[in-house]
Amino acid sequence: MGGTPLIELERLVPGFPGRLLAKAERFNPGGSVKDRSALGMVLGRIRSGELVPGRSTVIESSSGNLAIGLAQICGYFGLRLVCVVDARTTQQNIAILRAYGAEVEVVREPDPVTGELLPARLRRVAELLATTPDSYWPDQYANPLNRQAHLTTMREIAEELDGRVDHLVLAAGTGGTLGGCAEYIRQAGLNTTVHAVDAVGSVLFGPTASCKRLVPGHGASVRPKLLRPADAAHVVHVTDLDCVVGCRRLVRREAILAGGSSGAVVSALDRVLPRVEPGATVVLILPDGGDRYLDTVYDDTWVRRHFGAVAHLWAETDDAGFPQQVANSPELADIGHR
């Protein structure tokens, strides 16, 4: 777990004034940054004796990367996992969970008061906890072990760059990655500015315009107990369309297939750039890969249905039809002279 690569991004932003890198968290065993959270929240309880392999049950409300991370960890340690999801959960994710041996409960009716599915899922978690002996709710939104798990995320970045990290751009959700990275920065005395990327419609850093969200992985409808807004020096709010454009630009310019919240981080970079000093080192944390978004973010039909004809936003080309940043690259020029 961990030890994910830092990838130099040489084409994403033509003329970038410094050094730009991406921490590719898709290379964790379960495919996302949430593997770190899952391991931290489960292993800490195993070591304390509160979770006993072969006897204890882990119960969590999650329909995405954390659920898959927990399924992997619980399967390895011989713990039963009951994962509470809702009707919006993709069949692919449910299939992955079951492949790991997790039990999946699907909540289909929203909370009658709020009309949201999350409160209904949490209510079902509470019911299961009350009726399941020796059970544990990781509760990623409030568990300090989630934040502690991401001390390693920032430590790996800092060690590989000899402490020279001027700007860090990351997606905020539970507050785990943000909190852990910010804590390491404080402990190590790094001069790093943290830019948090939130969703339009999220309440993490204060109320924004309410809207239906299509791309998961960042933002929240309820502020997590774990979140410390002061951990971020700067906050950027992005739309679902921004996420799509960021993903498409990243795969087109750098050949990196990344997930929806990674696209959010890439798009947010446009609004971070005015704050970047010449010669600065900027690191983007890319939370997961694009494999689980092939029928949404990377599906042209889905994109047109929700956003219209927007392909021009990432399809910059020169007269020969090559992407501009590729056509002008020294690598292509070398190939042409051979």
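Let me start with the largest nonpolar core in this predicted model. It has 37 residues, and Leu12, Leu20, Leu269, Val282 and Leu284 touch the most other members. Which elements give two or more residues to this core? They are the strands β2 (19-24), β7 (167-171), β9 (234-238) and β10 (281-286), together with the helices α8 (240-254), α9 (260-272) and α10 (300-307). The largest share comes from α9, with six residues.

As general background, nonpolar side chains in soluble globular proteins tend to be buried together.

Take leucine 20 as an example. If we leave aside its neighbours within four places in sequence, Leu20 is in contact with Ile7, Glu8, Leu9, Leu12, Val13, Leu269, Val282 and Leu284. Apart from this core lies another one, of 24 residues, and its members include Leu21, Met154, Leu168 and Leu227.

Met154 brings me to a pair of helices, since it also appears in the contact between α6 and α7. How are these two helices arranged? The axes of α6, residues 151-160, and α7, residues 176-188, come within 7 Å and cross at roughly 55 degrees. That angle is why α6 counts as oblique to α7. The crossing of α6 past α7 is right-handed.

Now the residues that make the contact. On α6 they are Leu151, Thr153, Met154, Arg155 and Ala158. On α7 they are Gly180, Cys181, Glu183, Tyr184, Ile185 and Gln187. Sorted by class, that gives six nonpolar, three polar and two charged residues.

Definitions and conventions:
Residues are numbered from 1 along each chain as its sequence is written. This is a predicted model: local features need pLDDT of at least 70, side-chain atom pairs count only at pLDDT 80 or more; totals for chains, interfaces and linings use all residues. Side-chain values use heavy atoms; hydrogens and water are left out. Axes are lines fitted to C-alpha atoms, for helices over the stretch in contact, and angles run from 0 to 180 degrees between N-to-C directions. Helices (H or I, at least four residues) and strands (E, at least two) are DSSP runs, numbered from the N terminus. Angles under 35 degrees count as roughly parallel, over 145 as roughly antiparallel, 65 to 115 as roughly perpendicular and the rest as oblique. A crossing is left-handed if the near helix is turned anticlockwise from the far one by less than a right angle, and right-handed if clockwise. Contact means heavy atoms within 4.5 Å. Ala, Val, Leu, Ile, Met, Phe, Trp, Tyr, Cys and Pro count as nonpolar, Asp, Glu, Lys and Arg as charged, and the others, Gly among them, as polar. A nonpolar core is a set of buried Ala, Val, Leu, Ile, Met, Phe, Trp, Tyr and Cys residues joined through side-chain atoms within 4.5 Å. Buried means under 20% relative accessible area, exposed over 50%, partly exposed in between (1.4 Å probe, protein chains only).
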